[in-house]
Amino acid sequence: MKRREIPGCFAEVGIAPPPRKLLGRPACPAVDVLEGAVLARCPSCRNTFSTDRPGRQDCPVCGKPLVVPEPPAAPPTPGDLAPEPAGTPWERRAELGFFTAWMQTLQQALLEPGKLFASARLDRGAAQLGFAVLNTSVFWALGQLLERPLLMGQRDQLRRILEGMSGNPDVAPVVQRLLEVVALALLTPVFTFLLLYVNAALTHGIAVILGQAKRGFPATFAACAYACAPLALLAVPACGSIVGLIWLVALTAIGMKVTHRISTTGAAASVLAPYFVLCCLMLAAFGTLTLALRRAVGQP
């Protein structure tokens, strides 16, 4: 079809409509193809014209009013959509292997926490729970075995408990050691499970109060679960547990910042507030106990 300008048609290029639509006007072909910000067709004369604005306006051919609709929004391209995280090495352990995934997750948590938390999937809570329980239980048990020379008093107390349960004061030392190992292996995962959920619940509750829980409880749980990585220091006798707990708090704040996509201040407040409340309660309890003891001995 040939493009041409028609006199009296505002330099529009078009196709001549049927004669019954002209109503005595000279042949003014409708538009075929036009370039412009918006393309519209007049419902009266069936001419298509270009315009640089939508809304109410007059047809440039027949002069009758019409409404030019808004142009449809372009569909989002794949680059505009946020890609789904690939998952941490632990969440891809079927691909990487159990031991490799565990070591890579531990290494990223300690050295590259931002990278680890950014790759965490919010629909892998069971896997994240498994990492926290396994990591804490293994290194806690290892620490207990390494600290045995320092825990003679606790071992004697446990031995007395076992003797009372068995009713035999001459329980074989081999049986006692076996029972100690079994008790430690059973109780450590249970304590880890409970402490992890309590920590996540308190942290998330404070985050909700402060308006920092942007992505729900799964994001908080992922932060708290992978923040258990520094508890590997529980295997270090003496000061390892203290350093590990301080590192855990710092890592939880980093995890909250990345998983919830909030500011550093909001993440720090959400993590430190429960510990602040706990310290206040402990100080109040200590003050109450001290006051009660002083009254008991008759001091003012």
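1. Let's start with some rings. One aromatic cluster is formed by Trp90, Phe98, Trp102, Phe131, Phe139 and Tyr226. Please keep in mind as you look that this is a predicted model. Across the structure there are eight aromatic pairs. Trp90, one of the cluster members, also has a charged partner: the charged end of Arg93 sits over the Trp90 ring, 4.7 Å from its centre.

2. Now follow the cluster into the helices. Helix α2 covers residues 98-111, and its axis comes within 12 Å of the axis of α4, crossing at roughly 85 degrees. Because angles from 65 to 115 degrees count as roughly perpendicular, α2 is roughly perpendicular to α4. On the α2 side, the residues that meet α4 are Phe98, Trp102, Thr105 and Leu106. Their partners in α4 are Phe131, Leu134, Asn135, Val138 and Phe139. Sorted by type, the residues of this α2 and α4 contact are seven nonpolar, two polar and no charged. You may recognise some names here: Phe98, Trp102, Phe131 and Phe139 belong to the aromatic cluster.

3. How is α4 placed against α7? Helix α4 (residues 125-146) packs with helix α7 (residues 217-226) at an angle of about 20 degrees, and their axes are 8 Å apart. That makes α4 roughly parallel to α7, because angles under 35 degrees count that way. The crossing of α4 past α7 is left-handed.

4. Which residues of α4 and α7 meet? From α4 come Gly125, Gln128, Leu129, Phe131 and Ala132, while α7 brings Phe221, Ala222, Ala225 and Tyr226. This contact of α4 with α7 is made of seven nonpolar residues, two polar ones and no charged ones. Phe131 is worth following on screen: Phe131 is listed in the contact with α2, in the contact with α7 and in the aromatic cluster. Tyr226, on the α7 side, is a cluster member too.

5. Next, move along the chain to helix α8 (residues 240-260) and helix α9 (residues 264-296), which pack at about 135 degrees with axes 8 Å apart. The two helices are therefore oblique to each other, and α8 passes α9 in a right-handed crossing. In α8, the residues taking part are Leu248, Val249, Thr252, Ala253, Met256 and Lys257. They meet Thr264, Ala267, Ala268, Ser270, Val271, Leu272 and Tyr275 of α9. Here the residues divide into nine nonpolar, three polar and one charged.

6. Finally, have a look at Ala118, which lies in helix α3 (residues 113-118). What does Ala118 contact, leaving aside neighbours within four places in sequence? The partners are Pro85 and Val258. There is also a pair of C-alpha atoms to find: those of Ala118 and His260 are separated by 10.0 Å, although the two residues are 142 residues apart along the chain. His260 is within the residue range of α8, 240-260.

Definitions and conventions
Residues numbered from 1 in each chain as written. Predicted model: local features only at pLDDT ≥ 70, side-chain atom pairs only at ≥ 80, totals over all residues. Heavy atoms only, no water. Helix = DSSP H or I, 4+ residues; strand = E, 2+ residues; numbered from the N terminus. Contact = heavy atoms within 4.5 Å. Axes fitted to C-alpha atoms, helices over the stretch in contact; angles between N-to-C directions. Parallel < 35°, antiparallel > 145°, perpendicular 65-115°, else oblique. Left-handed = near helix turned anticlockwise from the far one by under 90°. Nonpolar A, V, L, I, M, F, W, Y, C, P; charged D, E, K, R; others polar. Phe/Tyr/Trp six-rings, centres within 6.5 Å; stacked < 30°, edge-to-face > 60°. Lys NZ or Arg CZ within 6 Å of the ring centre and 35° of its normal.
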